[in-house]
Amino acid sequence: MDNLISSLQALTETVVARLQYTAYEELQDFVQERQQLIDELNRLKQHTPFSPSQVEQLQSILQADPLILNRMNQLKIEASDWLQHRGQAKMQRSAYEAAYTPDSFLMDQRK
């Protein structure tokens, strides 16, 4: 169990150290890896309870969660802004595109 907690702590410290430069793909990999470690810890916890030192380690790991969530929110806002700008550009481009069929004929009536 100590090995899993140490792995979780090392993983968290690595991500926090590079947090400003971390892309969403890296955070996604981090979350998946972290979830595997947590699932394994939960499985082991059913047989053996955590010691006080392990609880302290886990609490110190949880201290990094607000930083990680903040970065995730920043990335979410960046993606949202990008999608919004893309949608606006698409609307502006469609306003200037021809709304007629290029092979059509224009016929006037004589009066």
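**Exercise 1. Which residues are buried in H2?**

Quick note before you start: you're working with a predicted model.

*Solution.* Start with the extent of the helix: H2 covers residues 24–45, 22 residues in total. From its first C-alpha to its last, H2 reaches 31 Å, close to the 32 Å expected at 1.5 Å a residue. Next, pick out the residues under 20% relative accessible area, since that's what buried means here. In H2 you get Leu27, Phe30, Arg34, Leu37 and Leu41. Now look at how they sit around the axis: they cover an arc of only 95 degrees, so they're on the same side of H2. To finish, flip the helix over. The face turned away from the buried side carries the exposed residues Tyr24 and Gln36.

**Exercise 2. Do the same for H3: find its buried residues and the exposed ones on the other side.**

*Solution.* H3 runs over residues 52–62, and its buried residues are Gln54, Leu58 and Ile61. Looking down the axis of H3, those residues fall within an arc of 55 degrees, so they line one face of the helix. Go round to the other side of H3 and you'll find Pro52 and Glu56 exposed.

**Exercise 3. Find the salt bridges, then say how buried or exposed each partner is.**

*Solution.* Your search should return 3 salt bridges. The cut-off to use is a side-chain nitrogen of Lys or Arg within 4 Å of a carboxyl oxygen of Asp or Glu. Take them one by one.

- Step one: Arg18 pairs with Glu26, with the closest N and O atoms 2.4 Å apart. Arg18 is partly exposed at 39% relative accessible area, and Glu26 is partly exposed too, at 34%.
- Step two: Arg43 and Glu40 meet at 2.3 Å, N to O. They're 3 residues apart in H2, which means about one helical turn separates them. Arg43 counts as partly exposed at 42% relative accessibility, and Glu40 is partly exposed at 27%.
- Step three: the side chains of Arg34 and Asp65 form a salt bridge at 2.8 Å, N to O. Arg34 belongs to H2 and Asp65 to H4 (residues 65–96), so this pair ties together parts that are 31 residues apart in sequence. Both Arg34 and Asp65 are buried.

**Exercise 4. Which residue from the buried list of H2 also takes part in a salt bridge with Asp65?**

*Solution.* Go back to the H2 list, where Arg34 appears among the buried residues. Then check the salt bridges: Arg34 is the partner of Asp65. That makes Arg34 your answer.

Notes: Residues are numbered from 1 along each chain as its sequence is written. This is a predicted model: local features need pLDDT of at least 70, side-chain atom pairs count only at pLDDT 80 or more; totals for chains, interfaces and linings use all residues. Side-chain values use heavy atoms; hydrogens and water are left out. Helices (H or I, at least four residues) and strands (E, at least two) are DSSP runs, numbered from the N terminus. The expected span of a helix is 1.5 Å times one less than its number of residues. Buried means under 20% relative accessible area, exposed over 50%, partly exposed in between (1.4 Å probe, protein chains only). The arc is that of the directions from the helix axis to the C-beta atoms.
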